[in-house]
Amino acid sequence: MLDNLVVVLFRPKYPENIGSAARACLNMGVSELVVVDPYNFDMDKALPLATAHARHILESARIVDTLAQAVDGCTAIFGTTARTGGWRKGIMNPDTLANVVDERLREGGKVAVVFGPEDKGLTNEETSICSGLMTIPTSRDGTSLNLAQAVLVVLYECFKRSLDHPFVPGGPPEERPTTVREQEALFSNLQDTLLAIDFLKNDNPDYWMLPVRRFFSKVNLKRNEFNLLMGVCRQVRWFVEKYGPKKDGGAE
């Protein structure tokens, strides 16, 4: 859904930032990058930051002289800004912008997001052609973002919004809960192990096991966790039998 989203870098100062922005485009499914009047552009400096994976985006990026050329054919243009005072009212955050961009794209339009120069951003005149403005909230101690960082943040929100189904990270395989019979086997194993290392005393060990039982009653123990604890008990008892003191008190 981001095929018709265009990232426009307006007068960027550093070729390395252009390369990093190309990589951000690749990460978030954007293929069209336009660079307006870059300062001292050097492909050899930009390529390492793009990496081999985004090389094609960087090498196919259009380099034009004016902002008007960069956004020609677009149905909506959104500018980024760090300044929110004066006449710059109703500025969106990245999440709100993503909703608007998604709506325009689904209507069949072509949308441009314009990022200004690293040192001063877009001027009022340059933002006057924009359909809306967006700012990225930051800590007061560090309000300045690297150009490629800003591109990645904005495109990430647009990418999330473009998905027909929310992305859900794959977790570990589902394990069934342990049965009561398995829990009793574990308690018996734990008790034998704790006796072997002299943590429990032989006088009334069932009583001293009650806190252990209460602890496990708070945990929805799964089968893989049961296997883990049973294995630990087995290894501890093996170690005690091999290296621990003899039952008669003599030395090995």
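This is a short tutorial chat about reading a predicted model.

Me: I'm looking at the strands. Where do I start with S1: is it buried or exposed?

Reply: Here's the general idea: in a regular strand, side chains alternate between the two faces of the sheet. Now look at S1. It has 6 of its 6 residues buried, so the rest of the structure largely encloses it. Leu5, Val7 and Leu9 sit on one side, with Val6, Val8 and Phe10 on the other, and both faces are covered.

Me: Which strands pair with S1?

Reply: For pairing, look at the bridges and at the direction of the two strands. S1 and S5 run parallel and are joined by 5 bridges. S1 also pairs with strand S2 (residues 32-36), again in the parallel sense and over 5 bridges. Val6 is a handy place to see this: its bridge partner in S5 is Ala112, while in S2 it stands opposite Glu32. One step along, Val7 stands opposite Val113 in S5.

Me: What about S5 itself? Which way do its side chains point?

Reply: Try the alternation idea again. Val111, Val113 and Phe115 point one way from S5, and Ala112 and Val114 point the other way. With 5 of its 5 residues buried, S5 is largely enclosed by the rest of the structure. S5 also runs parallel to strand S4 (residues 76-80), with 4 bridges joining them. There, Ala112 turns up again, as the bridge partner of Ile77.

Me: Okay, now the core. How many residues does the largest nonpolar core have?

Reply: A core is a group of buried nonpolar residues whose side chains touch, so you look for a connected patch on the inside. The largest one here has 38 residues, and Leu5, Val7, Leu9, Leu33, Phe115 and Val151 have the most contacts inside it. Helix H7 (residues 147-162) gives the most to this core, with 6 residues. Apart from it lies another core, of 16 residues, with Val8, Ala112, Cys130 and Leu133 among them.

Me: What does Val151 touch?

Reply: Leave out residues up to four places away in sequence, and Val151 touches Val7, Leu9, Ala21, Ala24 and Phe115. Two of those names, Val7 and Leu9, you've already met on one side of S1, and Phe115 belongs to S5.

Me: How do I read a helix like H7? What should its length be?

Reply: Compare its actual reach with what you'd expect from its residue count. H7 has 16 residues and reaches 23 Å from its first C-alpha to its last, close to the 22 Å expected at 1.5 Å a residue. Then check which residues are hidden: in H7 the buried ones include Leu147, Ala150, Val151, Val154 and Leu155. Among the elements covering its buried residues are strand S1 (5-10), helix H1 (15-27) and strand S5 (111-115).

Me: And what caps the N-terminal end of H7?

Reply: For a cap, look for a side chain reaching a backbone atom at the end of the helix. Here it's Asn146, with a side-chain oxygen 2.8 Å from the backbone nitrogen of Ala148.

Me: Can I do the same with H1? What do its buried residues pack against?

Reply: Sure. H1 has 13 residues and reaches 19 Å from its first C-alpha to its last, close to the expected 18 Å. Its buried residues include Pro15, Ile18, Ala21, Ala24 and Cys25. They pack against S1, S2, helix H2 (43-50), helix H3 (55-59) and H7. After H1 comes Gly29, whose phi is positive, near 80°.

Me: Last topic, the rings. How many aromatic pairs are there?

Reply: With rings, check the distance between centres and the angle between planes. The count comes to 5 aromatic pairs. Tyr207 and Trp208 form an edge-to-face pair, 5.0 Å centre to centre and with 80° between the planes. Tyr207 is partly exposed, at 46% relative accessible area, and Trp208 counts as partly exposed too, at 48%. Trp238 and Tyr243 are also edge-to-face, at 6.2 Å and 85°. Ring pairs can join up as well: they link Phe187, Phe215 and Phe216 into a cluster.

Definitions and conventions:
Residues numbered from 1 in each chain as written. Predicted model: local features only at pLDDT ≥ 70, side-chain atom pairs only at ≥ 80, totals over all residues. Heavy atoms only, no water. Core = buried A, V, L, I, M, F, W, Y, C linked by side-chain atoms within 4.5 Å. Buried < 20%, exposed > 50% of the residue type's maximum accessible area, 1.4 Å probe, protein only. Contact = heavy atoms within 4.5 Å. Phe/Tyr/Trp six-rings, centres within 6.5 Å; stacked < 30°, edge-to-face > 60°. Expected span 1.5 Å × (residues − 1). Polar contact = N/O pair within 3.5 Å; in protein donor to acceptor, adjacent residues only side chain to side chain. Pairing = 2+ DSSP bridges.
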